[in-house]
Amino acid sequence: MTAAWRRLQEMTGAEYPVMQDGMGPQPCTALAAAVSAAGGLGTLSSPSIVNTSESFLRGNLRAVAEKVAASTDKPFGVNVPVGRLANGELLPVSRLCIDEAIRIKRDGGKAGEQLTWLVTSAGFAGELGNGIREAGLVHMHKVGSLTHARKAADSGVDVVIAAGYEMGGHTHAQGVHTMVLAPQVIEALDIPVIVAGGICDGRGLAAALAMGGAAGAMGTRFIATRDHEWHENYKQRIVDAPEWDDVVFPGVYAPIRGLRNAGQRHMEEIRGSMAPEDFIVWEEEQIRVSQREGDIENGILVAGQVAAAIHDLPTVAEVIERIVTQAEELLGAAGSTSLRQRKRAL
């Protein structure tokens with residue numbers, strides 16, 4: 001066990017250094033429950049990034065948290081994408097979801113006891129950080145640059161997720177890839193750093209731990225598993241993705257990485273003809289169309305570049321077991337290998 005992973009384990013109570021990234025907008029309730037039950041860090045997604053109904057957001061987030069708690073006794077978290085209005089204020093949907101997660105934690109009960117971490121991503125919610133931590137939640141923040149990592153650490157976050165540009169979903173306007181970003185962030189900070197972007201097997205996890213990371217986070221690999229609620233067509237499309245099939249396109253809060261199809265090309269054609277507020281509603285619905293209904297031609301397919309390296313549909317438990325086993329074997333072999341050639345005695 002590495003020192004960084006030991007610190008993260010003490011914070012979260014997880015058994016293995018494998019995190020499931022928050023993904024949406026389609027719920028990933030069963031996925032988060034399966035990851036946590038298998039010993040990883042299962043993470044719920046926000047109910048929506050455009051629906052501002054307070055009753056919908058609060059009720060939905062509480063319902064899915066209670067559903068996960070009813071499915072497993074293990075700890076879990078929630079991911080909240082953060083956006084801001086033109087005047088710099090937090091988007092109401094971001095504030096409401098963070099507030100409700102804090103409320104669930106403070107209300108206690110089984111869901112409150114097991115809800116252990118809150119991830120802020122896409123943008124920074126520094127003004128709510130104290131409230132997150134005072135409620136007893138571990139505050140994790142996802143970043144795509146060393147500058148933003150330092151800002152997050154200086155604000156008091158507990159854990160930073162260093163996510164490389166190759167990640168799926170919301171990525172970064174100025175891309176820095178994982179193997180460039182993560183080592184810099186790990187060296188600069190004295191808090192646990194989870195490495196994300198391009199990880200799908202034990203090789204990626206071993207690399208993250210060997211460079212001093214606390215864990216590896218995956219999204220696309222977990223989409224391509226059997227035991228969760230997304231449509232089977234979507235899962236199979238990940239498995240079938242060839243090399244160079246991914247593309248980055250404008251998203252709600254930041255650029256989005258997904259897979260090429262007719263829906264993505266149509267989105268590019270109509271973008272300029274719609275008001276921004278109408279476009280983001282349409283875009284979220286088209287992502288739901290692919291995730292919920294399985295329309296992988298006309299819907300929008302969110303996925304990481306690593307889709308090209310995924311070739312099967314195992315269970316979540318099988319993914320975690322083989323990733324951890326492979327990482328242990330690789331790290332053990334590396335630890336017994338000398339990279340310096342000994343001089344022969346004369």
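1. In what sense do strand β2 (residues 42-45) and β3 pair, and over how many bridges? In this predicted model, the two strands run in the parallel sense and are joined over four bridges. If you would like one contact to look at on screen, take L44, whose bridge partner in β3 is V78.

2. Now follow the chain from β2 to β3. Helix α3 (residues 54-71) takes part here: together with β2 and β3 it makes a β-α-β unit, and that unit is right-handed. Please keep α3 in mind, as the helix comes back in the points on the cavity and on the salt bridges.

3. On to the next pairing of β3. Strand β4 (residues 115-121) also pairs with β3 in the parallel sense, here over six bridges. A handy pair to display is N79 with its bridge partner in β4, V119.

4. Is β3 mostly covered or mostly open? Strand β3 spans residues 76-81, and six of its six residues are buried, so the strand counts as mostly covered, with buried meaning under 20% relative accessible area. In a regular strand, side chains alternate between the two faces of the sheet. In β3, F76, V78 and V80 point one way, while G77, N79 and P81 point the other way. Both sets are buried. The two residues picked out above thus sit on opposite sides of the strand: V78 belongs to the first set and N79 to the second.

5. A word on internal space. The structure holds one cavity of 30 Å³ or more, and the volume of the largest cavity is about 50 Å³. Its lining consists of P27, C28, T29, L44, S45, S46, P47, N60 and V64. You will recognise L44, the partner of V78. Both β2 and α3 supply at least two residues each to this lining. What is the make-up of the lining by class? There are five nonpolar residues, four polar ones and no charged ones.

6. Next, the charged pairs. The model has 17 salt bridges. One of them joins E100 to R58, with the closest N and O atoms 2.8 Å apart. This pair links distant parts of the chain, since E100 lies in helix α4 (residues 92-107) and R58 in helix α3, 42 residues apart. Are these two residues buried or exposed? E100 has 2% relative accessibility and therefore counts as buried. R58, at 13%, counts as buried too.

7. A second salt bridge stays within one helix. E284 and R288 form it, and their closest N and O atoms are 3.3 Å apart. Both residues belong to helix α13 (residues 276-293), and because they are four residues apart, about one helical turn separates them. E284 is buried, as is R288.

8. For another setting, look at E293 and R292. Their salt bridge has its closest N and O atoms 3.4 Å apart. E293 is partly exposed, with a relative accessible area of 47%, and R292 is partly exposed as well, at 37%. Elsewhere, salt bridges that share partners join E54, R58, R62, E100 and D107 into one network.

9. To look at these points again, you might start from β3 with its parallel partners β2 and β4, then turn to the cavity lining, to which β2 and α3 both contribute. The E100 and R58 salt bridge makes a good last stop, as both residues belong to the network just described.

Notes
Residues are numbered from 1 along each chain as its sequence is written. This is a predicted model: local features need pLDDT of at least 70, side-chain atom pairs count only at pLDDT 80 or more; totals for chains, interfaces and linings use all residues. Side-chain values use heavy atoms; hydrogens and water are left out. Buried means under 20% relative accessible area, exposed over 50%, partly exposed in between (1.4 Å probe, protein chains only). Two strands pair if DSSP finds at least two bridges between them. A crossover is right-handed if, with the strands pointing away from the viewer, the path from the first strand over the helix to the second runs clockwise. On a 1 Å grid over the protein atoms alone, a cavity is a set of points where a 1.4 Å probe fits but cannot get out, and a pocket is an open set with protein on both sides within 12 Å along at least five of seven lines; lining residues have an atom within 4 Å of a point. Grid points are joined across faces, edges and corners, and a volume is the space filled by probe spheres set on the points. Ala, Val, Leu, Ile, Met, Phe, Trp, Tyr, Cys and Pro count as nonpolar, Asp, Glu, Lys and Arg as charged, and the others, Gly among them, as polar. A salt bridge is a side-chain nitrogen of Lys or Arg within 4 Å of a carboxyl oxygen of Asp or Glu.
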